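Dear colleague,

Please find below the structure that I am handing over to you, with the sequence alongside. My account of what was found follows directly after it.

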Amino acid sequence: MQHIPTTNAANRLDRLPISKFHKTTLYAVAFAYFFEFADINTFAITAPVVREQWGAEVNHIAYVTSLSFVGMFIGAIVAGGLADRMGRKRTLTVTTLWFTLWSFACVFAWDLWSLSVFRVLTSAGLSAMTVVAVVYISELFPSAKRGKFQAYAIVIGICGTPATNLIASAVVPMADWSWRLVYLWGSLGVLFLFFVRKLEESPQWLESRGRHEEAEAVLTRIEASAAAEHGELPAAQDPKPQGPVVKPGLGMLKDKKFLYPTILLSVLWITQTIGFFGYSSWAPTLLAAEGVSVEDSIFYVALTTVGAPLGSFLAAMVTDRFERKWCLVVFGLVIAASGLMYGLTFTPVLIVVFGFLVNLFERGYTALAYAYSPELYDTRGRSLGTSIAYGLGRLSNAVGPLMIAGIYNGVGYEAVFMFIAGTWTVGAIVLALFGPATRRRRLAAEAEAREKQEAVPATP
């Protein structure tokens, strides 16, 4: 019988203490997230000035926004395939450079058509980078702690949104051309290159591709760094027998073990996308349409966004302590209730309170979903499955705004928030009924690692 080599990557990584290697990886991904969050809103910020300068219709702006979500879908799917073929680290680098390149191109746009093309290409890169970063963290951090650090990366990264808003408020009024500086700011994600040499390829990916010598070399470097920092390491769990190397690709959709979580996660990301963007994109507009002044509506919404980084931090506190599936269910139901109450009140204090709760729990929900999604796959299907589900979620928002506009025009203001609340509720119910639990597996790995740690004799 032919011996199939194994490097036992997952078990060896699971028993490592958090070390400088993990922190460097966290900062690198958080940096990429920062400019992803910075860049994702640049078109919305500059659209009013661009529309005035180039005489564009409101419908033209809407088309660009919808096409951007189509670009996000394409980017996510392509990145999922590339990460399975090229590797996690290389694809993370390529996708980050891709969105910064096209953000830089926006600086030189000469009309709405050219800006539209550049924005769609930028959006493809933003989505692509996100799905690869989610998988990258999932495969490099210990399973018992990966959720917390996934959330920490978002806590840092999400600061890119207010930073961009502040910069835009300062530079856009400076001159007719100064809106272009907002896109120049977004392109600074290219500085991610300074992190690349300090990052490692995922040993789990190398192992899944049959590149055991390279995986062993990476694991040896990581373990040596952790041992130098923390002392002797515990023994890893025994490896499980490895099957033959399987080529990743869309052919895996025939495998029920791959198809089931992909359908489940598609529901999760579609309901999250329509629910979140339906709220965040329309809240100021609908408040203004119902008689709240534009200045007040923007101010109210700005106050509610304070909850966003706090939500990611809340997720970091609960994600590894409790079952992620049930955290997602609870967070989804709280968002549904808060969003509904937001739509049923016109009292300024209550608008801010319920809007704050929506932002708080939505960003927490997203951080939880980033940790939960990759856990439902093995290494060979993790990148593609996560990217398909995430991409379908982003694609759904190409029609989401049209649905909400139709509901508002046909039924009314309150109905919009009933629809958004219903969307979140559907996602929560589907997760509650069909979502696999993952905590027991993480706890078992942590307990075995602890037992082996206690069995290691003290170093003289």
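I begin with a single residue, Lys-89, which, leaving aside its neighbours within four places in sequence, is in contact with Tyr-136, Val-196, Leu-199, Glu-200 and Glu-201. Lys-89 belongs to helix α5. One of those partners, Leu-199, lies 110 residues away from Lys-89 along the chain, yet the two C-alpha atoms are separated by 7.3 Å.

Please bear in mind throughout that this is a predicted model. The average pLDDT of the protein chain is 83, and 86% of the residues score at least 70. Confidence is highest in helix α5 (residues 88-106), with a mean of 95, and lowest in helix α21 (residues 439-455), with a mean of 57. Lys-89 is therefore placed in the helix with the highest mean confidence, as it is found in α5.

Three helix pairs deserve a description, and I take first the two that involve α2.

Helix α2 (residues 20-40) packs against helix α6 (residues 112-140) at an angle of about 155 degrees, and their axes are 10 Å apart. The two helices are therefore roughly antiparallel to each other, and their crossing is left-handed. On the α2 side, the contact includes Phe-21, His-22, Val-29, Tyr-33, Phe-35 and Ile-40; on the α6 side, the residues include Arg-119, Leu-126, Met-129, Val-134, Tyr-136 and Leu-140. By class, this contact comprises 13 nonpolar, 4 polar and 3 charged residues. Tyr-136 of α6 also appears among the contacts of Lys-89.

The second partner of α2 is helix α8 (residues 160-171), with an angle of about 50 degrees between them and their axes 7 Å apart. α2 and α8 are therefore oblique to each other, and α2 passes α8 in a right-handed crossing. Phe-34, Phe-37 and Ala-38 of α2 make this contact with Gly-160, Thr-161, Ala-163 and Thr-164 of α8. The contact of α2 with α8 has 4 nonpolar and 3 polar residues, and no charged ones.

Helix α6 also packs against helix α18 (residues 379-396), at an angle of about 145 degrees and with their axes 10 Å apart. The crossing of α6 and α18 is right-handed. From α6 the contact draws on Ser-127, Thr-130, Val-131, Val-134, Val-135, Ser-138 and Glu-139, and from α18 on Thr-379, Arg-382, Ser-383, Thr-386, Ser-387, Tyr-390 and Arg-394. These residues divide into 4 nonpolar, 7 polar and 3 charged. Thr-130 and Val-134 of α6 are also listed among the residues that meet α2.

Turning to aromatic side chains, a search of the whole structure finds 22 aromatic pairs. In one of them, the ring centres of Phe-149 and Tyr-152 are 5.6 Å apart and the ring planes stand at 90 degrees, so the pair is edge-to-face. Phe-149 and Tyr-152 are 3 residues apart in helix α7 (residues 146-157), which means that about one helical turn separates them.

Finally, I draw your attention to Ile-407 in helix α19 (residues 400-410). Not counting residues up to four places away in sequence, Ile-407 touches Gly-412, Ala-415, Val-416 and Phe-419. The C-alpha atoms of Ile-407 and Phe-417, 10 residues apart along the chain, are separated by 9.8 Å.

Yours sincerely

Conventions: Residues are numbered from 1 along each chain as its sequence is written. This is a predicted model: local features need pLDDT of at least 70, side-chain atom pairs count only at pLDDT 80 or more; totals for chains, interfaces and linings use all residues. Side-chain values use heavy atoms; hydrogens and water are left out. pLDDT is the predictor's confidence in each residue, from 0 to 100. Helices (H or I, at least four residues) and strands (E, at least two) are DSSP runs, numbered from the N terminus. Axes are lines fitted to C-alpha atoms, for helices over the stretch in contact, and angles run from 0 to 180 degrees between N-to-C directions. Angles under 35 degrees count as roughly parallel, over 145 as roughly antiparallel, 65 to 115 as roughly perpendicular and the rest as oblique. A crossing is left-handed if the near helix is turned anticlockwise from the far one by less than a right angle, and right-handed if clockwise. Contact means heavy atoms within 4.5 Å. Ala, Val, Leu, Ile, Met, Phe, Trp, Tyr, Cys and Pro count as nonpolar, Asp, Glu, Lys and Arg as charged, and the others, Gly among them, as polar. Rings of Phe, Tyr and Trp (its six-membered ring) pair if their centres lie within 6.5 Å; planes under 30 degrees apart count as stacked, over 60 as edge-to-face and the rest as tilted.
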